[in-house]
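Visitor: I should like to examine how certain labels are assigned to charged residues. May we take the reasoning step by step?

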Amino acid sequence: MENNVDFLDMKKKMLISKVLLVIGVVFAVLGYLSYKLAGFGLGIVFLLAGFGLAFVGGKFSSDFKNDFTDQVMIPTIQSIFPNSTFIVYLDDKRITEHFKKLGMIRRDSCERITNLLAVETGGHLLNEFSCEEYHEVPNPKGAVNNIYTYKGTEFRYDYATNIDGVVRILSSHKNKLSNSEKTFLPKECNFTPEKIETGNIELDESFEIFASSQHIGFFVLNSTVIEKIKLFREKYGDFGIAITGDELFISFDGVDRFIKLPDKVSQINEDAFKNAKDQIYDIVEMLNDIGYAISKHVEKENII
């Protein structure tokens, strides 16, 4: 990252944008109330002023995001992840194709992919990005609202486990109304039709486990894998993992879990992505442990 980055200017732009947007909203509300109570006149003035301030605030916010992305975000990420590429907005749905096949993303008609990091680490290729799935619904005013059905942060890590099948492990919560297990990812997947009950009460109450066969499911669920998935949940909350013969896929609940634009002035500094580096490498280490624990010399069949 270059030393001439003007962090003070970026902080000013973010602060100005936030202040103007707040004042703009206040003026717009006052204008609406004045219009309702007294009709045209002062109400229209307040409304116009509110919209104008909000517009200017949005311009400052846009300038800040562009400056931070170009001057800080991309150079910093490429410096802490050598031999990497980083794309803020990606218009290529091929990146989610295998995730959808494996039930690691809830499908919808519209898709938004952000903050794609592609890096080689320890001889393995890693992709990390955020994904939102949604559909558009017209509202009574003639505009369109986005209805989100899925928001997640995704990892794809190549590791030859050589298993002949697929295993999906999804963190779950008890649905109090139906007394069933609820997951943020779909339980149904053509590649994993078998539901696995391990007999481990703690494990069965915390995870829904599916496999292409009972045999491959129990083969993968060794003590190391069980320990690691518990640690995943303890550290990072709800997630799902799909283990194939060639790759490991993880979906974490919530977008921009590791890499994102700052939303607070205090986050604008040279260490903006230090935590992202530490967390991503921590996850890579756990994936390596899982892959190593289940790698066996068995006949391999690439089924996806």
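Visitor: Why is lysine 195 called partly exposed?
Guide: In this predicted model, lysine 195 has a relative accessible area of 29%. Partly exposed covers the range between under 20% and over 50%, and therefore lysine 195 receives that label.

Visitor: What makes the pair of lysine 195 and glutamate 208 a salt bridge?
Guide: The N to O distance between their side chains is 3.5 Å. The rule asks for a side-chain nitrogen of Lys or Arg within 4 Å of a carboxyl oxygen of Asp or Glu, so the pair qualifies. Lysine 195 lies in strand S8 (residues 194–196) and glutamate 208 in strand S9 (residues 207–211), so the salt bridge ties together parts 13 residues apart in sequence.

Visitor: Is glutamate 208 buried or exposed, and how do you know?
Guide: Glutamate 208 has 7% relative accessibility. Buried means under 20%, so glutamate 208 counts as buried.

Visitor: What makes lysine 235 and aspartate 282 a salt bridge?
Guide: Their closest N and O atoms are 3.1 Å apart; the limit is 4 Å, so the pair meets the criterion. This pair links distant parts of the chain, with lysine 235 in helix H6 and aspartate 282 in helix H7 (residues 274–294), 47 residues apart.

Visitor: Why do lysine 235 and aspartate 282 carry the labels they do for accessibility?
Guide: Lysine 235, at 45% relative accessibility, is partly exposed, whereas aspartate 282, with a relative accessible area of 17%, is buried. The value of 17% falls under 20%, and 45% lies between 20% and 50%, so the labels follow.

Visitor: Which residues are joined into one network by salt bridges that share partners?
Guide: Lys187, Lys195, Glu197 and Glu208 are joined in this way. The count for the model comes to 14 salt bridges.

Visitor: Why is lysine 228 called buried?
Guide: Lysine 228 has 13% relative accessibility, and the cut-off is under 20%, so the label buried applies. Lysine 228 lies in helix H6 (residues 223–236).

Visitor: How do you know that lysine 228 makes a polar contact with aspartate 289?
Guide: The two side chains are paired at 3.1 Å, and a polar contact requires N or O atoms within 3.5 Å, so the distance satisfies the cut-off. Leaving aside neighbours within four places in sequence, lysine 228 is in contact with Met286, Asp289 and Ile290.

Technical notes
Residues numbered from 1 in each chain as written. Predicted model: local features only at pLDDT ≥ 70, side-chain atom pairs only at ≥ 80, totals over all residues. Heavy atoms only, no water. Helix = DSSP H or I, 4+ residues; strand = E, 2+ residues; numbered from the N terminus. Buried < 20%, exposed > 50% of the residue type's maximum accessible area, 1.4 Å probe, protein only. Polar contact = N/O pair within 3.5 Å; in protein donor to acceptor, adjacent residues only side chain to side chain. Contact = heavy atoms within 4.5 Å.
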